[in-house]
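Student: Could you give me a close look at the charged side chains here, and at the parts they sit in? I would like to follow them one after another, with the surroundings filled in as we go.

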Amino acid sequence: MASYSGGKSNGGEGSSHQELHVLAVDDSLVDRKVITSLLRKSKYRVTAVDSGKRALELLDTEPNVNMIITDYSMPEMTGYELLKKVKESSELCQIPVVIMSSENVPTRINRCLEEGAEDFLLKPVQLSDVSRLCNRVLR
Amino acid sequence: MDVSMLQRTYTDLLTSLFREGILNQQFIELQQLQDENNPGFVNEVVSLFFEDAGRLITELISNFNQQAVDYKKVDAYVHQLKGSSASIGAEKIRSVCQTFREYYDKNDIQGCYNCIQPLKQEFMTFKSKLEALFALEQQIVAAGGSIPMMRH
């Protein structure tokens, strides 16, 4: 197995399951704690931030993010806006982005999927959602 | 009190919380996230909720006491509270938030207003019951027992 030394691999060959890094974005402290625990239980390394702005700052300095999971409704920058910025960036556009929302709004879901979101999860997110998602998105 | 008595009291309390609709399945999801790598998870996240929800409800009540109520702001607070209560399985709180938002969508101010007291009441009930639950957990562990898991 190739050693993981902060190289540019995006969860590809050589990286073990445990070393995959997920960036979670949610303005709710309670939800951040829940999503972090869900992801860690599924054996991912997690960084949780409270806004799209902080997410972009982190992505600027930390290249090894294998997936972004973000809440949709956040003040200042919505999850949709964050998704757009990620997909518009040549450095970041390969990173899969998943949107979470407590509201089941089909137009919202379609808009996110059309913009390149990998998946759209309804909150409250459960362990089964995370394992299904990560199996598909982070092989 | 011996361990099995404590465990029985704990199970009875937890069962009643589900039966009364104070907790829902999401709470069990949280319990499943608690393990040796994350031993205090449920207590921690519920404690965060106590602070978060307490703050939101205080803001809500204070906003409703203004001369000119900013309903958009109030709805935003309720939206946040609905989200966090759903995340931890606080079903009754979530449900009252849902009702509030339905009234808000219909511009039914009186309906909105009528939700505030129940919201506060449900939160206080939730807080005292969960605090009792956590106190029992501590007693069980101190007596050398393990906390019974609910299976749904």
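Tutor: Happily! In this predicted model, A:Asp50 and A:Arg54 are a good place to begin: their side chains form a salt bridge, at 3.0 Å from N to O. Both partners are partly exposed, A:Asp50 with a relative accessible area of 28% and A:Arg54 with 45%. A general point helps here: side chains of opposite charge can pair when their charged atoms come close.

A:Asp50 also turns up in the surroundings of another charged residue, A:Arg32, which belongs to helix 1 of chain A. A:Arg32 is buried but makes no salt bridge; A:Asp50 is the nearest side chain of opposite charge, and it is 4.9 Å away. A salt bridge would need the nitrogen to lie within 4 Å of a carboxyl oxygen. Setting aside neighbours within four places in sequence, A:Arg32 touches A:Asp26, A:Asp27, A:Ala48, A:Val49 and A:Asp50.

A:Arg54 brings us to helix 2 of chain A, which spans residues 52–61. Its buried residues are A:Gly52, A:Ala55, A:Leu58 and A:Leu59. They sit on the same side of helix 2 of chain A, because they cover an arc of only 120 degrees around the axis. The general background is that an α-helix has 3.6 residues a turn, so residues three or four places apart point the same way. On the face of helix 2 of chain A turned away from that buried side you will find the exposed residues A:Lys53, A:Asp60 and A:Thr61. The buried residues of helix 2 of chain A, for their part, pack against strand 1 (21–25), strand 2 (45–49), strand 3 and helix 3 (79–88) of chain A.

Now for a second pair in chain A. The side chains of A:Arg136 and A:Asp119 form a salt bridge at 2.7 Å, N to O. A:Arg136 is in helix 5 of chain A and A:Asp119 is in strand 5 of chain A, so this pair ties together parts that are 17 residues apart in sequence. A:Arg136 is partly exposed at 39% relative accessibility, whereas A:Asp119 is buried at 13%.

Helix 5 of chain A (residues 127–137) has a buried set too: A:Asp129, A:Val130, A:Leu133, A:Cys134 and A:Val137. Looking down the axis of helix 5 of chain A, these buried residues fall within an arc of 115 degrees, so they line one face of the helix. That set packs against helix 1 (29–41), strand 3 (67–71), strand 4 (97–101) and strand 5 (119–122) of chain A. Strand 5 of chain A thus meets helix 5 through packing as well as holding A:Asp119, the partner of A:Arg136.

Chain B has a pair of its own to show you. B:Lys129 and B:Glu20 meet through their side chains in a salt bridge of 3.8 Å, N to O. This pair links distant parts of the chain: B:Lys129 is in helix 6 (residues 109–142) of chain B, and B:Glu20 is in the loop between helix 1 (3–19) and helix 2 (25–33) of chain B, 109 residues apart. Both are partly exposed, B:Lys129 at 25% and B:Glu20 at 36%. Back in chain A, salt bridges with shared partners join A:Asp26, A:Asp31, A:Asp71 and A:Lys123 into one network. Over all chains the count is 16 salt bridges.

Let us finish where the two chains meet. Chain B gives 22 residues to the contact and chain A gives 17. About 1,600 Å² is buried between chain B and chain A, with carbon and sulfur atoms giving 60% of it. Three salt bridges cross this interface; B:Glu44 and A:Lys33 also meet in a salt bridge, at 2.8 Å from N to O.

B:His79 deserves a look as well. An unreviewed UniProt entry lists it as "modified residue: Phosphohistidine", and in the model B:His79 lies in helix 4 (residues 71–88) of chain B. B:His79 counts as buried, since its relative accessible area is 19% and the cut-off is under 20%. Beyond neighbours within four places in sequence, B:His79 is in contact with A:Ser73, A:Ser102, A:Glu103 and B:Arg101. For chain A, the unreviewed UniProt entry gives "domain: Response regulatory" for residues 21–138; over that stretch the chain is 45% helix and 20% strand, with the end C-alpha atoms 10 Å apart.

Conventions: Residues are numbered from 1 along each chain as its sequence is written. Chains are lettered from A and ligands numbered from 1 in the order in which they are written. This is a predicted model: local features need pLDDT of at least 70, side-chain atom pairs count only at pLDDT 80 or more; totals for chains, interfaces and linings use all residues. Side-chain values use heavy atoms; hydrogens and water are left out. Buried means under 20% relative accessible area, exposed over 50%, partly exposed in between (1.4 Å probe, protein chains only). Helices (H or I, at least four residues) and strands (E, at least two) are DSSP runs, numbered from the N terminus. The arc is that of the directions from the helix axis to the C-beta atoms. Contact means heavy atoms within 4.5 Å. UniProt positions are given in the numbering used here, feature names are shortened, and annotations may be inferred rather than shown by experiment. Lys and Arg count as positive and Asp and Glu as negative; His and the chain ends are not counted. Buried area is the accessible area (1.4 Å probe) that two parts lose on being put together, summed over both.
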